[in-house]
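Thanks, everyone. I would like to take a few minutes on the open spaces, the enclosed space and the nonpolar packing in one model, so please have the structure open as I go.

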Amino acid sequence: MKSNLLYSLVATLVLLLGCDNMHDSYKNFIKDGEIVYVGIADSIQVFPGNNRLKLNFLISDPSASKVSILWNNKTDSLIIPIERVHQIDTINIELTDLQEGAYSFNIIVYDDENNSSITTYANGNVYGENYTSSLLNTPVREANVNKNNKTLVDVIWGASDETAIGSEIVYTDLFNNLCTYFAPPEEKSTVLKNYCEGTSFQHRTLYLPEETAIDTFYTAYETTKVRGAAIEYNKSTWIATGNCDGNRTPQNAIDNNINTVWHMDKTKIYPHSMVVDMGEINTISGFSFIQRGGEGLMYSIKLIEMQISDDGDKWSSLGEFTLEKIEPKQYVDLDIDYSCRYFKLIAKSDYNNGAFTALSEIGAYKR
């Protein structure tokens, strides 16, 4: 019993001391024996920008007369007077000339008698030159004059960054007007109308670092040369050789007949190859392909490598390319033009994960 009584006395003493300490913590809020609180800044939002940001919050306490905002470990501050208009007012504050980086804010509301609210906190980012210098233009994979209409340019986009909101193209039209076109990131190809033949265009990419950002950031303009329409070489005198299945020889792939195919040797596995002798040195801007149609489309060639040679002995690789699983003619553009007499197609896989497949047509063109 004595032990229980002793513990009860100690607990009561601790509780009384704790209440005194708590009272000391809030003595600034005491008025006429009562604790006075000013309503806090509520529903705080931070909107990042370019060397600036905006703060947005709600004030509902009718006694609120000013708000103090502190940042940079409280070394920077701003006091904003509050002019109450509605029962709940929205306060918008813009902080400018900020260094790039992450910020933490302490927000305290005061009344006319300098009673304060409990501190509320908010975090946000400021962007600037470092962020801008890290941005990349969405690449233009191809920019070619349309083969059927020289006043149109077909622009094919590469992959864009997830924070990019689109790309802006500036070009000169047929009437010498400066035209601007905006391509959203989901647009994988763009058609420029009334293109002035022989001119280039500029493009840049627009970014929002965060969905709530108040400023759009831009990459530097990049100039892209428009390449002419694809003009295919006549294949009537070409000779094609390589492994094959019976009489379905590589020559079938250059006979301008989509119903005949080069079928690879069924007794072998990838890679399979065919060599085309054009009979003379030609300037090559790219290659065209037609996959086998109908039921054969499911076995379409997928990964290929293209090589070129002047003498059919020493070969240079132009790189690997992935063909699409489609029936219409498709084009593989090269980054630059090459001169050669021979080219070699090396088939490395198909869309059915088989060991061999077939191809209807292959060609070469100049832009």
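I will begin with confidence, then turn to the cores, and finish with the pockets and the cavity.

What you see is a predicted model, and the mean pLDDT of the chain is 90, with 91% of the residues reaching 70 or more. Residues 1-31 need a separate word, since pLDDT stays under 50 throughout that stretch, and the model gives it 13 contacts beyond four places in sequence. Where pLDDT is low, predicted coordinates should not be read in detail, and I will leave that segment aside.

Now the nonpolar packing. The largest nonpolar core holds 29 residues, and those with the most contacts inside it are Phe287, Phe289, Met306, Phe343, Leu345 and Ile362. At least two residues of this core come from each of strand 21 (272-291), strand 22 (303-309), strand 23, strand 24 and strand 25 (358-366). If you centre your view on Phe343 and disregard residues up to four places away in sequence, you will find that its contacts include Trp238, Met274, Phe287, Met306, Trp315 and Ile362, and also Gln307. Apart from this core lies another, of 22 residues, among them Ile59, Leu98, Val109 and Val126.

Let me move to the pockets. The largest pocket encloses about 940 Å³ of space, and of the 31 residues lining it, Glu142, Asn144, Ile156, Tyr331 and Asp333 are the closest to its centre. Two or more lining residues come from each of strand 10 (140-145), strand 11 (153-157), strand 23 (316-322) and strand 24 (330-347), so named here with their ranges because strands 23 and 24 also supply the core I described. How does the lining of the largest pocket divide by class? It has 13 charged residues, eleven nonpolar and seven polar.

The second largest pocket has about 210 Å³ of space. Its lining has 14 residues, with Lys225, Val226, Arg227, Gly228 and Arg367 closest to the centre, and by class there are six charged, four nonpolar and four polar residues.

Finally, the enclosed space: a search of the whole structure finds one cavity of 30 Å³ or more, and the largest cavity holds about 90 Å³. Thirteen residues line that cavity, and Thr138, Trp157, Ser160, Pro184 and Pro185 lie nearest its centre. Strand 12 (residues 164-172) gives the most to this lining, with three residues, and by class the lining has six polar, five nonpolar and two charged residues.

Methods:
Residues numbered from 1 in each chain as written. Predicted model: local features only at pLDDT ≥ 70, side-chain atom pairs only at ≥ 80, totals over all residues. Heavy atoms only, no water. 1 Å grid on protein atoms, 1.4 Å probe; cavity = no way out; pocket = protein on both sides within 12 Å on 5 of 7 lines; lining within 4 Å. Points joined across faces, edges and corners; volume = space filled by probe spheres on them. Helix = DSSP H or I, 4+ residues; strand = E, 2+ residues; numbered from the N terminus. Nonpolar A, V, L, I, M, F, W, Y, C, P; charged D, E, K, R; others polar. Core = buried A, V, L, I, M, F, W, Y, C linked by side-chain atoms within 4.5 Å. Buried < 20%, exposed > 50% of the residue type's maximum accessible area, 1.4 Å probe, protein only. Contact = heavy atoms within 4.5 Å. pLDDT = per-residue confidence, 0-100.
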